[in-house]
Amino acid sequence: MMNIIRPKFENQARTKHHAHFSPIRIKDSPIIRGGQIRPNLRQALLPSPRPPRLAKRSCACTSAPAGRPRRAYTIMDRKFLVFALTASASAYTNNFPTEDNAFGVKVPTGDPAAIRNSSFAFLIADYGLATSVLTGDCCQQEVADLMRSKKTELEAQGKQLLFVGASGDNFYWTGLNPPDNGGADQWARWSSVYDGLTDVPWFGAMGNHDYGDSDVYATCPWQGSRVNIDGQDYASNQLDEDKGGYRAGGNTVNYHMPDFNYRVTLNALNLEIYGLDQNKVDVGGIGGDSSGHVQVDATCGGVSALYSHLQEVGDAGESLLAESAAMGAHNASEVRNVLILQHYPDVCSGLADTFTGSAPEADEMMDIRCAFGHTHDTVCELQAHKHPNAAADDCTAEDQDTYASGIHVPCCPGLEENLVNQDGDYRYICQAANDCHYSMNGAGGGCCGGGDGVSIGRAGFGLLTFNEHGGMFLEQITTGTECEMWPAGHIESDFDRHQAALFKKHIEEGH
């Protein structure tokens, strides 16, 4: 059964489902706005005290001779653009192809309105179930079946699936294993479960479970470099093959992560897709918890080194967002469509502020959507466009919290009541029907059961469509039924030596 999010889950609506975060203190983080340093509108999460940078880490491409100003970005060649922080000590640069539609998305033909009306994409997170069983009913399989069903329905209307956006925890529990030590099984599982959905590009972002002891050198590539670009090392299994990662044949070549931060443009839709690594906000959660990064700590220099590297990567992603925003839209006469893929709740707003603070367009000429996961549920963190009838008929509450006073208040005309997540609280509010700005898609079926949204009817995904006259529409689709986390035949030995303990801990903590 297909189910659009509706306020059916009153028992769960006011329950907080918090994912694990390590103890941290809060400190302002500077970002670039208009070429100047300013305090970020959101707060970055930093350990206390800030650990020293490892001497072994080097990146010649971000240093500058004495007396010479550092450039905001430099062209390496005609295919790659290197983004560096304009006014930061970060040594990380983002290397990715910059030509339009660099990964071969098959865009419909026709005039701009027809292309928009014929295009859609799926958004998913926290889906990479850790089992070597290839088939069998479970939450992940049910979500994939629902995606295939929706794809068939939309194709019958003349629409075309362009891509799948994957917002992290793509491979539980501690990342993509080497091919000869479980990685081949992980890719086989992906290919089997998402059969019929992998012939289009998948654009991935790293979650906390994509790092860890299965992919040790992802967090210290200089210790086991496979590829070096202008002095910067790469050694993560999940990155694209030209960055030292690997694929397992077939449609796995359609899974893309060209760097930890990257930008993809589809000019036919005036669309920019940003894959951003924001794991600096949950350094303690890498690999699930400390037991998931034991080998990482031993190899890479401990928690301070882990923090230092992830901070640099995260800062470089925010710089990429600001610098790209400043370039302006491909077509300034149309709405600038922006999709941000990252992993964490309560991060999208700050990233959107970073973008709008540097973009030359007026707010009404930008439509920014952000897809994330981490919390295993399918809910909207921020609703989208207010309906024009919201203030009609003496109805002035555009965002009514329908249970704020303990009395159910009907929605204004033209609005619908929907379940959303705001500041960590689940509540019912009135909003334009199912259109979401910041979409939590963390109930993709990879984790964890035990009463969270994924197992009680809110396993699901996001559906992104494009409005004929510009802008986007993002709705959330759920199974509406309870599901089992594990397929028949799954056994604990499918895990590496950390994963069984991690799963048990997740269940005990209600994650």
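1. A residue is called buried when its relative accessible area is under 20%. Both C220 and C300 meet this description. The model under discussion is a predicted one, and the points below should be read accordingly.

2. Overall composition. The chain contains 8 helices and 24 strands. Of its 511 residues, 59% are buried. Among contacts with a separation of 6 or more, 75% are between residues 24 or more positions apart. The chain exposes about 18,900 Å², and carbon and sulfur atoms supply 50% of that area.

3. Helix α3. This helix covers residues 139-155, and its 17 residues should span 24 Å at 1.5 Å a residue; the end C-alpha atoms are 24 Å apart, so the expected span and the model agree. Its buried residues include C139, V143, A144, L146, M147 and L154. Polar and charged names appear in that list too, among them Q140, Q141, E142, K150 and K151. The elements against which the buried residues of α3 pack are β9 (119-124), β10 (160-166), α4 (179-193), β23 (460-466) and β24 (472-478).

4. The disulfide at the start of α3. The structure holds 5 disulfides. One of them joins C139 to C483, with an S to S distance of 2.0 Å. The link is right-handed, with 100° about the S-S bond. C139 belongs to helix α3, whereas C483 sits in the loop between β24 and α8 (499-508), and the two are 344 residues apart. C139 has a relative accessible area of 0% and is therefore buried; C483, at 10%, also counts as buried.

5. The disulfide of C220 and C300. Here the sulfur atoms are 2.0 Å apart. The torsion about the S-S bond is about -55°, so this disulfide is left-handed. C220 lies in the loop between β11 (202-204) and β12 (227-229) and C300 in helix α5 (residues 294-300), so the bond ties together parts that are 80 residues apart in sequence.

6. The disulfide of C380 and C436. The S to S distance is 2.2 Å, and the link is right-handed, with 100° about the S-S bond. Because C380 lies in strand β19 (residues 378-383) and C436 in strand β22 (residues 436-441), the pair ties together parts that are 56 residues apart in sequence. C380 is buried at 3% relative accessibility, and C436 is buried at 2%. By contrast, C138 is in no disulfide; the nearest cysteine sulfur, that of C139, is 6.7 Å away. C138 is nevertheless buried, with a relative accessible area of 0%.

7. Aromatic pairs. The count comes to 17 aromatic pairs. In one of these, the ring centres of W190 and Y255 are 6.1 Å apart and the planes stand at 90°, so the pair is edge-to-face. W190 lies in helix α4 and Y255 in strand β14 (residues 255-256), so parts that are 65 residues apart in sequence are tied together. W190 is buried at 2% relative accessible area, and Y255 is buried at 0%. The rings of Y274 and F355 have centres 6.0 Å apart and planes at 70°, so this pair is edge-to-face as well. Y274 lies in strand β16 (residues 271-275) and F355 in helix α7 (residues 348-358), so the pair ties together parts that are 81 residues apart in sequence. Both Y274 and F355 are buried.

8. Ring cluster and charge. Ring pairs link Y127, F171, W187, W190, Y194, W202 and Y255 into a cluster. Elsewhere in the list of ring features, K243 lies over the face of Y234, at 5.9 Å from the ring centre.

Terms used
Residues numbered from 1 in each chain as written. Predicted model: local features only at pLDDT ≥ 70, side-chain atom pairs only at ≥ 80, totals over all residues. Heavy atoms only, no water. Helix = DSSP H or I, 4+ residues; strand = E, 2+ residues; numbered from the N terminus. Expected span 1.5 Å × (residues − 1). Buried < 20%, exposed > 50% of the residue type's maximum accessible area, 1.4 Å probe, protein only. Contact = heavy atoms within 4.5 Å. Areas by Shrake-Rupley, 256 points an atom, 1.4 Å probe, with all protein chains shown as cover. Phe/Tyr/Trp six-rings, centres within 6.5 Å; stacked < 30°, edge-to-face > 60°. Lys NZ or Arg CZ within 6 Å of the ring centre and 35° of its normal. Disulfide = S-S within 2.5 Å.
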